[in-house]
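I opened this model to look up its fold, its charged pairs and a couple of single residues. My entries follow in the order I made them.

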Amino acid sequence: MINKSEVQKRMKALRMNANLTQKDVAKIVGIKPENYQRYEYGKIEPRITKAVRIAEALHTTPQAIWGSG
(Lines give C-alpha, C1' and ligand atoms only; values in the text may rest on other atoms or scores of the structure.)
Protein backbone atom coordinates (compact mmCIF):
# COMPACT_ATOMS: atom_id res chain seq x y z
CA MET A 1 0.00 0.00 0.00
CA ILE A 2 1.31 3.42 -0.93
CA ASN A 3 1.84 6.14 1.61
CA LYS A 4 -0.81 8.89 1.40
CA SER A 5 1.79 11.63 1.74
CA GLU A 6 3.63 10.19 -1.28
CA VAL A 7 0.42 10.27 -3.30
CA GLN A 8 -0.16 13.87 -2.25
CA LYS A 9 3.37 14.85 -3.29
CA ARG A 10 3.04 13.08 -6.63
CA MET A 11 -0.32 14.63 -7.46
CA LYS A 12 0.83 18.12 -6.59
CA ALA A 13 4.13 17.78 -8.45
CA LEU A 14 2.44 16.40 -11.56
CA ARG A 15 -0.20 19.11 -11.47
CA MET A 16 2.38 21.85 -11.08
CA ASN A 17 4.58 20.39 -13.83
CA ALA A 18 1.54 20.50 -16.11
CA ASN A 19 1.01 24.18 -15.15
CA LEU A 20 -2.46 23.43 -13.82
CA THR A 21 -4.33 24.64 -10.78
CA GLN A 22 -6.53 22.38 -8.70
CA LYS A 23 -9.51 24.10 -10.32
CA ASP A 24 -8.10 23.36 -13.77
CA VAL A 25 -7.76 19.65 -13.03
CA ALA A 26 -11.23 19.53 -11.50
CA LYS A 27 -12.70 21.13 -14.61
CA ILE A 28 -10.88 18.69 -16.93
CA VAL A 29 -12.02 15.72 -14.82
CA GLY A 30 -15.57 17.03 -14.46
CA ILE A 31 -15.68 17.27 -10.67
CA LYS A 32 -15.99 20.04 -8.12
CA PRO A 33 -12.71 21.72 -7.19
CA GLU A 34 -13.36 20.79 -3.55
CA ASN A 35 -13.45 17.11 -4.48
CA TYR A 36 -10.17 17.30 -6.36
CA GLN A 37 -8.68 19.08 -3.37
CA ARG A 38 -9.78 16.22 -1.12
CA TYR A 39 -8.10 13.72 -3.45
CA GLU A 40 -4.86 15.71 -3.55
CA TYR A 41 -4.85 16.22 0.22
CA GLY A 42 -5.43 12.52 0.82
CA LYS A 43 -8.78 12.99 2.54
CA ILE A 44 -10.57 10.64 0.14
CA GLU A 45 -9.54 8.27 -2.65
CA PRO A 46 -11.13 8.51 -6.08
CA ARG A 47 -13.01 5.66 -7.70
CA ILE A 48 -11.23 3.97 -10.57
CA THR A 49 -12.98 6.02 -13.26
CA LYS A 50 -12.05 9.31 -11.58
CA ALA A 51 -8.49 8.09 -10.93
CA VAL A 52 -8.09 7.39 -14.65
CA ARG A 53 -9.42 10.84 -15.57
CA ILE A 54 -7.17 12.55 -13.02
CA ALA A 55 -4.15 10.66 -14.30
CA GLU A 56 -4.99 11.59 -17.90
CA ALA A 57 -5.33 15.26 -16.90
CA LEU A 58 -1.90 15.03 -15.25
CA HIS A 59 -0.39 13.23 -18.27
CA THR A 60 0.39 10.03 -16.40
CA THR A 61 -1.21 6.76 -15.27
CA PRO A 62 -3.15 5.91 -12.12
CA GLN A 63 -0.41 3.44 -11.20
CA ALA A 64 2.19 6.21 -11.33
CA ILE A 65 0.18 8.21 -8.80
CA TRP A 66 -1.40 5.63 -6.51
CA GLY A 67 0.81 2.62 -7.08
CA SER A 68 -0.15 -0.72 -8.52
CA GLY A 69 -1.89 -1.97 -5.44
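**Entry 1, fold.** How many helices and how many strands does the secondary structure of the chain come to? I am working from a predicted model, and in it I find five helices and zero strands. Read along the sequence, I get the pattern α-α-α-α-α. The radius of gyration is 10 Å and the globule rule gives 11 Å for 69 residues, so I note the chain as being as compact as a globular protein of that length. I also looked up the extent of the C-alpha trace, which is about 30 × 20 × 20 Å along its principal axes.

**Entry 2, burial and surface.** I find that 30% of the 69 residues count as buried. The chain exposes about 4700 Å², and carbon and sulfur atoms supply 50% of that area. For contacts with a separation of 6 or more, I note that 49% join residues 24 or more positions apart.

**Entry 3, charges.** I have 13 positive and 6 negative charges in the chain, and their mean positions lie 4 Å apart. I then searched for salt bridges and found two.

**Entry 4, glutamate 6 and lysine 9.** These two residues form a salt bridge, with 3.8 Å between the closest N and O atoms. Both sit in helix α1 (residues 4-17), and because they are three residues apart there, about one helical turn separates them. Glutamate 6 has 33% relative accessibility, so I list this residue as partly exposed. Lysine 9 has 54%, so I list this one as exposed.

**Entry 5, glutamate 40 and arginine 15.** The side chains of this pair meet in a salt bridge at 2.8 Å, N to O. The pair links distant parts of the chain, since glutamate 40 is in helix α3 (residues 33-40) and arginine 15 is in helix α1, 25 residues away. Both glutamate 40 and arginine 15 are buried. For arginine 15 the relative accessibility is 9%, which is why I count this residue as buried, the cut-off being under 20%. Leaving out residues up to four places away in sequence, I find arginine 15 touching Leu20, Thr21, Gln22, Val25, Tyr36, Glu40 and Leu58.

**Entry 6, proline 33.** Where is proline 33 placed? I find this residue in helix α3. The relative accessible area of proline 33 is 32%, so I mark this residue as partly exposed. Setting aside neighbours within four places in sequence, proline 33 is in contact with Lys23 and Ala26. I also checked proline 33 against threonine 21: they are twelve residues apart in sequence, and 9.6 Å apart in space from C-alpha to C-alpha.

Note on methods. Residues are numbered from 1 along each chain as its sequence is written. This is a predicted model: local features need pLDDT of at least 70, side-chain atom pairs count only at pLDDT 80 or more; totals for chains, interfaces and linings use all residues. Side-chain values use heavy atoms; hydrogens and water are left out. Helices (H or I, at least four residues) and strands (E, at least two) are DSSP runs, numbered from the N terminus. Buried means under 20% relative accessible area, exposed over 50%, partly exposed in between (1.4 Å probe, protein chains only). Contact means heavy atoms within 4.5 Å. The radius of gyration is taken over C-alpha atoms; the globule rule is 2.2 Å times the number of residues to the power 0.38. Accessible areas come from the Shrake-Rupley method with a 1.4 Å probe; for residues, only the protein chains shown count as cover. Lys and Arg count as positive and Asp and Glu as negative; His and the chain ends are not counted. The place of a charge is taken as NZ of Lys, CZ of Arg, CG of Asp or CD of Glu.
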